[in-house]
Structure formats: C-alpha cells, structure tokens
Amino acid sequence: MNDPFLDDLAEIRAHSLHRRLREMTVSPDGTVAPVGRTMLNFASNDYLGLAAHPALRAAAKAAIDEYGVGAGASRLVCGTLPVHLRLEEKLARFKGTEAALSFSSGYAAAHGALTALAGPDDVVILDKLAHACLIDAARSCRATLRVFPHNHLGKLESLLQWAQTEHEGARVIICTESVFSMDGDRAPVRDLVALKKRYQALLLLDEAHAVGVIGKNGRGLAHECEVAREVDVLMGTMSKALGVSGGYLAGRHSLIDLLINRARSFVFSTAQPPAMAAAATAAIDLLMSDEGEQRRLALWQNIRHLASQTPKSPGQPERPVRTAGSAIFPWMIGPEALAVEVSARLADRGFLAPAIRYPTVARGAARLRLTVTARHSPDQITALGQALGDLSDSLRT
C-alpha cells in the first residue's frame, strides 16, 4: 500500500524545513545532554532558572500527595480544586487585576480569549509578528482579521479608523505581544493603550516573554510602563520565566466570568494538573521575594553581557547596535539550509541553539534564537560570543 504521507515529508525536506524530536537530559546547571553529549543551553525560555528550583519541586510533590496526578475533569464539572483557585488569586494580585483564569497552556489561553470575545461581526487587528497562538485564535473566532506591519502605529491607527467606519458597532480587539518571541523587541505599549482608548477598542497583550524578566518583580512590560490597569486582557504563560507550564488570562471580574462561560479551550479541557498549579503558585511567590528579584537582576547582567558579546551574523550587513530589551537575541542568517548548518556547527562546539525556520519565521528569515538565563555565567556567555564570531568569520571567507 502506498504511504500517503511520504510526498509531504519529501517536500518539507526539500526546503530544509524538516524537524525531528531530540531526546534530552536537562540538568539544573543549565546544560543539556542530547544523544549522550553535554552542551550549554542557549535555547531555553526558563529565564530565571526556576524549573529545577527546590521550592517548585516541593510544591509539586506536595500537591501530588494531596490531590493525585490529574484533576479528573474539566473545571466546570469537578476539576476545580483549591490549588487552582489559589493560583488564580495569586496571579490576579501579581498582575494587579481583579481576577485571573488559568489554562492548560498559553496556546489554550489565546484560543479561549479570542473565540470567547470576538465573533463574525467583530474585528481583530493583529501585529504581523504576533505569536502563532494569537494568529490561530484570530482565525478561529471568525471575526474580520486585519494585520498591521510590526509595531507600525500609523498603520494600526488607519485600521482602527477603517474599523470604526466600515464596522460600526463591532467589537474591535488589538492583539499583540509585549516582548516578541522571535525578535526579542518590545511593543510600544503606552502608545497602544492610547490608540485603543481613542478608538474605543480592546487591547489583548501577551506578556509571555516579559513576565519574570521586565518590571519590578517581573510583573511585565505593561506594569513597567504603568498602564497595566488600562490593558483589557493581560495574557501570559507559566512555561517561560515561571518554569512550569500552563497559561493564564487576567483582567476584570466580568472578563473572567465571561471566559468561564464561553472559552471553549477552558470549558472542554481537563483542568491543569494540580502539581503544575501548585508549582506555578510557588514560582509567583519566588518572583515576589528578594531571591526572585536577585535572580531577575542577575538575568539582566547576563542580558547586557550577551548584547556586548554578540558579533555580526551572516544575515546582517553590519553589527547591529543592540539595545538590551529582553532575554531573546535573534542571530539572523537568512537561508534555511545555512541556518541548519550553522546550528550544527555551533553544537559541535558545545552550544545548543536550534535553527528557527519557516513557518515560525518568514521564509528566508531563518535565524538562531539565542536566549540567556540567570543561570549562565559570564564565561559561558563570552565563550558563546567567541564561537559565534568564529562561525561568522568562516562563513564570510
């Protein structure tokens, strides 16, 4: 019998876009060991190094002892446990909102938010570089979808004017990230809030890569910009700096009540495992502590150090002046096949930095997405910079 999938796989391979799962052993010291060799991990989103923290481990173990491994059902059936409510109370206090709701993943949170808040008569306006979860959610809600060039406030305003004229009475939702996951740059949050107020739109802001990193105690970019209370839907994930898994939405009581009733990814999913909810609660406690703030400040020392060490890449005509705005450093390459080669050569020197290719980024915009954490030492970062410099020189000769 003919295999119906081989042609699809062949096409993927022909464009240097084939991916495979790699089994890895992750150590608390920030190293990974794929296929029996140890490498320094410069690809993780565990920005504060909390995934292996003793407090989170202890919280997860205690929750398993008390509740078992699974929640047993969706939250609206019998899956709402005290540990979920404690997490949501903690999230709301941390984000400075009236309420919060946890989801099994950040993807589920995005899908739940937009499919609950927008329908065929509404308009969603999306930044071109927004995460795939927001793109998929915007398509799923069946609203009229418009995309504005990355961080282009002029085009966003023209779309808001268009929506006001052509879709009078529609709910208009602006969707963007505060820190963009593949480029590491920031959204102009204050300006976005001003525009959404001017045109009576709603603003959904995904703080996945800002929480734990930006603002006092890592409350996020909206808090650092002092506009958090004016963002209608604050979205985030517990799988980055919090070191756990799951997603959340925070905002008014009325928003959360509506999501409980309408967000299909919440209503029809088994609740987050109690161990994960307990560990996430412990992570928020850590962020609010002196230890958490010290880890965040150590992370920023490493961010500034990597910014000073990152050399010119094959995809850049000259070394960019890097303003250290997040823990994400895109090292631009361009062709997909070359990005795979560079990643492999870097791995040979003991550094994990996978090639990021289409459809995660645009065709011809492949890169290494370098991330730095609080666990990295200055010497490790310097060694990475030297390895990148050697690779860049060899590719240009």
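In the predicted model, Leu299 touches Tyr47, Leu48 and Val213. Ala327, Val372, Thr373 and Ala374 are also among its contacts. Residues up to four places away in sequence are left out of this list.

Leu299 belongs to the largest nonpolar core, which holds 91 residues. Together with Leu160, Leu346 and Leu368, Leu299 touches the most other members of that core. Helix 12, spanning residues 274-287, supplies the largest share, ten residues. A second core is separate and has 32 residues. Val124, Cys141, Val233 and Val267 are included in this second core. In soluble globular proteins, nonpolar side chains tend to be buried together.

The cysteines were examined next. A disulfide is a covalent bond between the sulfur atoms of two cysteines. The count of disulfides in the model is zero. Cys141 is in no disulfide, and the nearest cysteine sulfur, that of Cys175, lies 8.1 Å away. A disulfide requires sulfur atoms within 2.5 Å, so this pair does not qualify. Cys141 is buried, with a relative accessible area of 3%. That value is under 20%, the limit for a buried residue. Cys78, in contrast, is exposed. Its relative accessible area is 53%, and exposed means over 50%.

The backbone shows several local features. The peptide bond from Tyr358 to Pro359 is cis. Its omega is near 10°. Pro359 sits in a loop that follows strand 13 (355-356) and precedes strand 14 (366-371).

Positive phi values occur at two residues described here, Asn151 and Gln200. Asn151 is not a glycine, yet its phi is about 60°. Asn151 is found in the loop between strand 6 (144-148) and helix 7 (153-166). With a relative accessible area of 23%, Asn151 is partly exposed. This value falls between the 20% limit for buried residues and the 50% limit for exposed ones, so the intermediate class applies.

Gln200 is likewise a residue other than glycine, with phi near 55°. The loop that holds Gln200 runs between helix 8 (189-198) and strand 8 (202-206). Gln200 counts as exposed, at 73% relative accessibility. The cut-off for this class is over 50%, so Gln200 meets it.

Methods:
Residues are numbered from 1 along each chain as its sequence is written. This is a predicted model: local features need pLDDT of at least 70, side-chain atom pairs count only at pLDDT 80 or more; totals for chains, interfaces and linings use all residues. Side-chain values use heavy atoms; hydrogens and water are left out. A nonpolar core is a set of buried Ala, Val, Leu, Ile, Met, Phe, Trp, Tyr and Cys residues joined through side-chain atoms within 4.5 Å. Buried means under 20% relative accessible area, exposed over 50%, partly exposed in between (1.4 Å probe, protein chains only). Helices (H or I, at least four residues) and strands (E, at least two) are DSSP runs, numbered from the N terminus. Contact means heavy atoms within 4.5 Å.
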